[in-house]
Amino acid sequence: MIEPLNDDVSPRHDAAAAETDVPPAVGVPGPEASKDVARSLLSDAWYEMRRRPLFWISSLLIVVVLVMAAFPQLFTSQDPLYCQLILSRRPPSAEHLFGTDIQGCDVYARTIYGARASVLVGVITTLCVATIGVLIGVVSGYYGGWVDTLLSRAGEIFFAIPMLLGGIVILYSLPSPRDPNFDRTLLYFIVVGKVILALTLLGWPSLARIMRSSVLTVKPQEYVQAARALGASPARVITSHIIPTVLAPVVVVATINLGQYIALEATLSFLGIGLQPPAISWGIAISEASGLGYVISAPHMLLFPSLFLSLTVLAFIMLGEVVRDALDPKLR
């Protein structure tokens with residue numbers, strides 16, 4: 001015989017007992033874990049970069065160099081073009097912090113103003129190389145076929161040319177105006193533009209190959225195929241689904257290459273075929289101070305421009321490595 005149910009037990013009592021007796025579920029993410037899961041790739045990378053002292057050191061150096069290049073008047077009131085031969089090769093002093101060069105110009109002022117041309121070449125070259133490399137790499141990887149073959153072979157032609165040797169050939173093939181009455185400002189942009197053009201022509205294939213490989217990896221993914229099946233145009237698929245996914249390696253390589261382009265500009269200027277007067281750059285200063293007699297009698301002429309150049313290149317390379325470690329989960 002079935003006994004009647006106990007009237008004292010109510011659904012409300014059962015619910016309260018269930019809430020009291022049942023332990024909380026294990027493994028259910030709390031509010032903090034939910035925030036961690038919802039964190040995007042870029043915010044997660046930013047969180048990782050902020051934790052590394054190397055990021056702050058390299059960022060501080062880069063900010064100082066960028067401000068120095070944009071506003072050199074904040075660092076010195078000396079005119080870098082004002083020279084007195086009577087003060088030639090003077091050692092560092094209270095009046096001339098870094099001494100004077102062969103022409104009697106203030107080395108400190110020329111070092112500060114030299115950041116402008118060097119950084120300008122590095123930044124604009126990086127932007128040009130990244131733009132061309134991303135466009136060619138995406139088009140080559142997405143469309144494939146004869147488009148991929150044509151663009152890949154063209155990239156291999158430029159990639160096979162050593163950058164330093166190719167830069168020498170290109171710059172020798174593009175002579176600068178030698179008219180003494182030629183406008184100095186226009187001449188400045190011409191000599192800077194020549195170096196940027198040479199480095200861009202020889203630098204884009206590496207980024208294009210990286211982008212092409214990344215696109216070939218992402219192209220078969222389901223979300224890309226779904227977008228194509230729903231009728232999205234190739235431009236929509238590329239800009240909305242492919243480029244945001246594969247842009248991280250380009251950012252890393254471009255950051256590292258920026259420092260290398262600054263070093264290449266200095267090398268070409270040191271050889272006498274890069275930037276030329278009226279431009280002021282660290283490479284020109286190093287070239288003028290590289291004579292054996294000057295290295296021994298006036299080492300400050302070579303020391304300070306080389307130090308600023310080395311710190312700038314090192315800062316961009318360190319920042320690129322930090323960004324690479326932050327964007328690649330395998331390296332954390």
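**Figure 1. The count of disulfides here comes to 1, a disulfide being a pair of cysteine sulfur atoms within 2.5 Å.** This is a predicted model, where local features need pLDDT of at least 70 and side-chain atom pairs count only at pLDDT 80 or more, while totals for chains, interfaces and linings use all residues. Residues are numbered from 1 along each chain as its sequence is written, and side-chain values use heavy atoms, with hydrogens and water left out. The partners are Cys 83 and Cys 105, with sulfur atoms 1.6 Å apart. Their link is right-handed, at 75° about the S-S bond. The two cysteines are 22 residues apart, and both Cys 83 and Cys 105 sit in the loop between α4 (53-70) and α5. Helices are DSSP runs of H or I with at least four residues, strands are runs of E with at least two, and numbering starts from the N terminus. Cys 105 counts as buried at 2% relative accessibility, whereas Cys 83, at 32%, counts as partly exposed. Buried means under 20% relative accessible area, exposed over 50% and partly exposed in between, using a 1.4 Å probe and protein chains only. Cys 128 is partly exposed too, with a relative accessible area of 31%.

**Figure 2. Here is the whole fold, with 13 helices and 0 strands.** Read from the N terminus, the elements run α-α-α-α-α-α-α-α-α-α-α-α-α. Of the 332 residues in the protein, 39% count as buried. Take the contacts (heavy atoms within 4.5 Å) with a separation of 6 or more: 70% of them are between residues 24 or more positions apart.

**Figure 3. This view goes into the largest nonpolar core, which has 36 residues.** A nonpolar core is a set of buried Ala, Val, Leu, Ile, Met, Phe, Trp, Tyr and Cys residues joined through side-chain atoms within 4.5 Å. The members that touch the most others are Val 121, Val 192, Leu 199, Met 211, Val 215, Ile 242 and Leu 275. At least two residues of this core come from each of α5 (107-143), α7 (163-173), α8 (184-218), α9 (222-229) and α10 (234-270). Helix α8 gives the most, with 13 residues. Looking past neighbours within four places in sequence, Val 121 is in contact with Val 192, Val 195, Ile 196, Leu 199, Glu 265 and Leu 275. Another core lies apart from this one, with 31 residues that include Ala 45, Met 49, Ala 69 and Leu 309.

**Figure 4. Ile 170 is a spot to look at in helix α7.** Residues up to four places away in sequence aside, Ile 170 touches Ala 198, Leu 201 and Leu 202. From Ile 170 to Leu 201 it's 31 residues in sequence, and 9.4 Å in space from C-alpha to C-alpha.

**Figure 5. Ser 58, in helix α4, has contacts with residues far along the chain.** Ser 58 is buried, at a relative accessible area of 0%. Its contacts, neighbours within four places in sequence left out, are Ala 315, Met 318 and Leu 319. Ser 58 and Leu 314 are 256 residues apart along the chain, yet 8.0 Å separates their C-alpha atoms.

**Figure 6. The largest pocket holds about 270 Å³ of space.** On a 1 Å grid over the protein atoms alone, a pocket is an open set of points with protein on both sides within 12 Å along at least five of seven lines, a cavity is a set where a 1.4 Å probe fits but cannot get out, and lining residues have an atom within 4 Å of a point. Grid points are joined across faces, edges and corners, and a volume is the space filled by probe spheres set on the points. The pocket lining is made up of Pro 80, Leu 81, Tyr 113, Arg 116, Ala 117, Arg 184, Thr 185, Tyr 188, Pro 278, Ala 279 and Ile 280. Helices α5 and α8 each supply at least two of these lining residues. By class, the lining has 8 nonpolar, 1 polar and 2 charged residues. Ala, Val, Leu, Ile, Met, Phe, Trp, Tyr, Cys and Pro count as nonpolar, Asp, Glu, Lys and Arg as charged, and the others, Gly among them, as polar.

**Figure 7. A search of the whole structure turns up 1 cavity of 30 Å³ or more.** The largest cavity has a volume of about 90 Å³. Around it are Asp 101, Val 107, Arg 110, Ile 280, Ser 281, Ala 285, Glu 288, Met 301 and Pro 305. Each of α5, α11 (282-288) and α13 (300-327) supplies at least two residues of this lining, which divides into 5 nonpolar, 1 polar and 3 charged.
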